[in-house]
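Got your viewer open? Load the model, find the ligand, and let's take a walk around it.

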Amino acid sequence: MQDLTGKTAVITGAASGIGFALAQVFAEQGMQLVLADIETDALEKRVTELRSQGAAVLGVVTDVGDDASVAALASAAAETYGNVHLLCNNAGVYTGGLLWEQTEADFEWVMRVNQWGIIHGIRHFVPAMIEHGQDCHIVNTASMAGLCTLPIAGIYHMTKHAALALSECLYHDLALSAPQIGVSCLCPELADTEIARARRNRPATLAEENQTAMHEFAHAAISDATSQSKPPRVLAERVLQGVLERQFYLLPPADDPWIKTAHKRLDDVHAARNPEFLAPEI
Ligand SMILES: NC(=O)c1ccc[n+]([C@@H]2O[C@H](COP(=O)([O-])OP(=O)(O)OC[C@H]3O[C@@H](n4cnc5c(N)ncnc54)[C@H](O)[C@@H]3O)[C@@H](O)[C@H]2O)c1
């Protein structure tokens, strides 16, 4: 997509972190914004903030893990702004710990948001994009966790591998049948966001959380690492470039430690070597 002015962007997980940085960057491009998030107060605050800067913004409380909720988001976006041109399936959550110690609710919650969130976005927005026929773009937020595997974060790695595979398959399907719609997959390194506090948005029905020492250790580690990382604005600017240039893989710079870890994993697969734990030096 080249000219973003006056076009409409829908961003999920837009009340915090990378999602809000995306909203700021696309507002600066003169886009109309639909911000979707499960956290009502934070969403309201972000909508007010962007409106005070002159942006046209609609906030829609949405649970991306819920099919009807994403259908309602698509209807609200269409009713307010007409055609949607850019969809950022960005909402995501994290939980950590040893795989066999995680509860069923841990698996279900993270899979609902990180995988089903993207699936619902694809199902409820792509048909209308194909129908209106204008240039469009879809950005799915995966992670460098989708390109390598590390201990005590198995659920997160599994869902981010799924997010990357879904995105690659969406790219193939659209190239075949609707090439005016571009696709990017954002695979961020660590960023200073609220992801370590993701449990704040766990639904009551999936509240049963693994409480083991390893789980707490994993959460302390991610909290520590993200708080010392780069501002999410850096990633939002990477996404803007990717949308303008129709670039699929949105990766950290070549010298980033996560790139080394991802290459090591691919080399292991290539050489049929057993996986080796190589922590990114962060
Ligand atoms: N921060 C990092 O280091 C990092 C690294 C790689 C990938 N990511 C990915 O970036 C994306 C954004 O995360 P972030 O780091 O900005 O975290 P964040 O917690 O700051 O923002 C995530 C937003 O998603 C919202 N959300 C959670 N569950 C939702 C649901 N069911 N429906 C709708 N919204 C929901 C939250 O309320 C929050 O506003 C996620 O997909 C995450 O996995 C983050």
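Start by selecting the shell around the ligand: by class, it holds 13 nonpolar, 11 polar and 7 charged residues. Here Ala, Val, Leu, Ile, Met, Phe, Trp, Tyr, Cys and Pro count as nonpolar, Asp, Glu, Lys and Arg as charged, and the others, Gly among them, as polar.

Before going further, a word on what you are looking at: this is a predicted model, where local features need pLDDT of at least 70, side-chain atom pairs count only at pLDDT 80 or more, and totals for chains, interfaces and linings use all residues. Residues are numbered from 1 along each chain as its sequence is written, and side-chain values use heavy atoms, with hydrogens and water left out.

**Stop one: the ligand**

Which residues come nearest to the ligand? Pick out Ser16, Asp37, Tyr156, Thr193 and Asn201, the nearest of the 31 residues around it (a residue is near if one of its heavy atoms lies within 4 Å of the molecule).

Now look for polar contacts, meaning pairs of N or O atoms within 3.5 Å. On Ser16, a polar side-chain atom sits 2.6 Å from an oxygen atom of the ligand. Click on Arg200 next, and you'll find a polar side-chain atom 3.2 Å from a ligand oxygen atom. Glu194 uses its backbone instead: an N or O atom there lies 3.0 Å from an oxygen atom of the ligand.

Switch on a surface: the protein covers 98% of the 820 Å² of accessible area that the ligand has on its own (Shrake-Rupley method, 1.4 Å probe). Two elements give two or more residues each to the shell, α1 (17-28) and α5 (154-177). Helices are DSSP runs (H or I, at least four residues), numbered from the N terminus.

**Stop two: around α1**

Keep α1 selected and add helix α2 (residues 40-52): the two pack at about 20°, with axes 11 Å apart. Axes are lines fitted to C-alpha atoms over the stretch in contact, and angles run from 0 to 180 degrees between N-to-C directions. So α1 is roughly parallel to α2, a label for angles under 35 degrees.

Swap α2 for helix α7 (residues 233-245), which packs with α1 at an angle of about 50°, their axes 8 Å apart. That makes α1 oblique to α7; oblique covers angles that are not under 35, over 145 or 65 to 115 degrees.

**Last stop: α3 and α4**

Finish with helix α3 (residues 67-81) and helix α4 (residues 104-132), packed at about 40° with axes 9 Å apart. That makes α3 oblique to α4.

Terms used:
Polar contact = N/O pair within 3.5 Å; in protein donor to acceptor, adjacent residues only side chain to side chain.
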